[in-house]
Each structure stands twice: as structure tokens, then as C-alpha cells.
Amino acid sequence: MIISAERFEELVAEALDGLPRWVHGRMDNVDVLVEPHAPPGQPGLLGLYQGVPLTKRGTGYFGALPDRIILFRSNLVRGVRTEDQLRELVRHTVVHEVAHFFGISDDRLREIDRY
């Protein structure tokens, strides 16, 4: 599938806009970025959360650089045939990485069948 970088970013924005209002209210100090490719050595990575999850932040957490949710466009596009499939995969990946921001581990996501 071929999709422009601009259209891909629109799909990411749609996924973010579709998150519940209470999630938006908690997502302070988080940047969502799109990179064209995953880091070397991680060819299948769709997204990545980097930061300090809410569950790990204490009273001394202030003045920190923003957490980052990074989506890897080439890997997401590679796994689909249609824009609707891409929209769903982007949405799923955004929700997955936002779950990490909230402190939910991959193991827990598997337990609740949301991995």
C-alpha cells in the first residue's frame, strides 16, 4: 500500500481524536511522533512509548522532558492492503502505546486480550 506522509499523519490524528475525553485529560507532557522507519534491529516494531508511565511518577516528577509515543510508518503500512485496515492498525497501535503511558504492561495487555 502507498500512502503519503501527510495522509498517514491524518490517520494518526484521527486515532488520537478518537480516544476518550478522560484520556486526553491525562495526557499532559506527551508528544506523539511519526518516524518513517523503526530503529535498526527492530524491524517489526509498530510503535514505541518512551517516558515515565503515570504509575511511576512520584511527587518529584516535574520539569521533565515530554514522554514520547512514536509510530513507525513503514512497518504499519507494510502490514495492510487498504486504508481502512491501516486506520484500524494505527488506532490499535496508538491505544497500545497510550496504555503503556498509563502504566499497563504488555503482559497485562495480553491478559485482557488487548495486545
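A residue counts as buried when its relative accessible area is under 20%. By that yardstick, buried residues make up 33% of the 115 residues in this protein. Keep in mind as you look around that the model is predicted.

Let's start with the parts list. You'll find five helices and three strands here. Walk along the chain from the N terminus and the elements come in the order α-α-β-β-β-α-α-α.

Now for the overall dimensions. Along the principal axes, the C-alpha atoms fill a box of roughly 45 × 35 × 30 Å. The radius of gyration is 14 Å, which agrees with a compact globule, because a globule of 115 residues would come out near 13 Å. How do the contacts spread along the sequence? Taking contacts between residues at least 6 apart in sequence, 70% join residues at least 24 apart.

On the outside, the accessible surface comes to about 7300 Å², and carbon and sulfur atoms account for 52% of that. As for charge, the protein has 14 positive and 17 negative charges, and the mean positions of the two sets are 3 Å apart.

Let's zoom in on one residue, aspartate 31. You'll spot it in strand β1, which covers residues 30-35. Is aspartate 31 buried, exposed or something in between? Its relative accessibility is 35%, so aspartate 31 counts as partly exposed, given that the in-between class lies between the 20% and 50% cut-offs. Leaving aside residues up to four places away in sequence, aspartate 31 touches Pro66, Asp67, Arg68 and Ile69. Tyrosine 49 sits 18 residues from aspartate 31 along the chain, and their C-alpha atoms are separated by 10.0 Å.

Key:
Residues are numbered from 1 along each chain as its sequence is written. This is a predicted model: local features need pLDDT of at least 70, side-chain atom pairs count only at pLDDT 80 or more; totals for chains, interfaces and linings use all residues. Side-chain values use heavy atoms; hydrogens and water are left out. Helices (H or I, at least four residues) and strands (E, at least two) are DSSP runs, numbered from the N terminus. The radius of gyration is taken over C-alpha atoms; the globule rule is 2.2 Å times the number of residues to the power 0.38. Buried means under 20% relative accessible area, exposed over 50%, partly exposed in between (1.4 Å probe, protein chains only). Contact means heavy atoms within 4.5 Å. Accessible areas come from the Shrake-Rupley method with a 1.4 Å probe; for residues, only the protein chains shown count as cover. Lys and Arg count as positive and Asp and Glu as negative; His and the chain ends are not counted. The place of a charge is taken as NZ of Lys, CZ of Arg, CG of Asp or CD of Glu.
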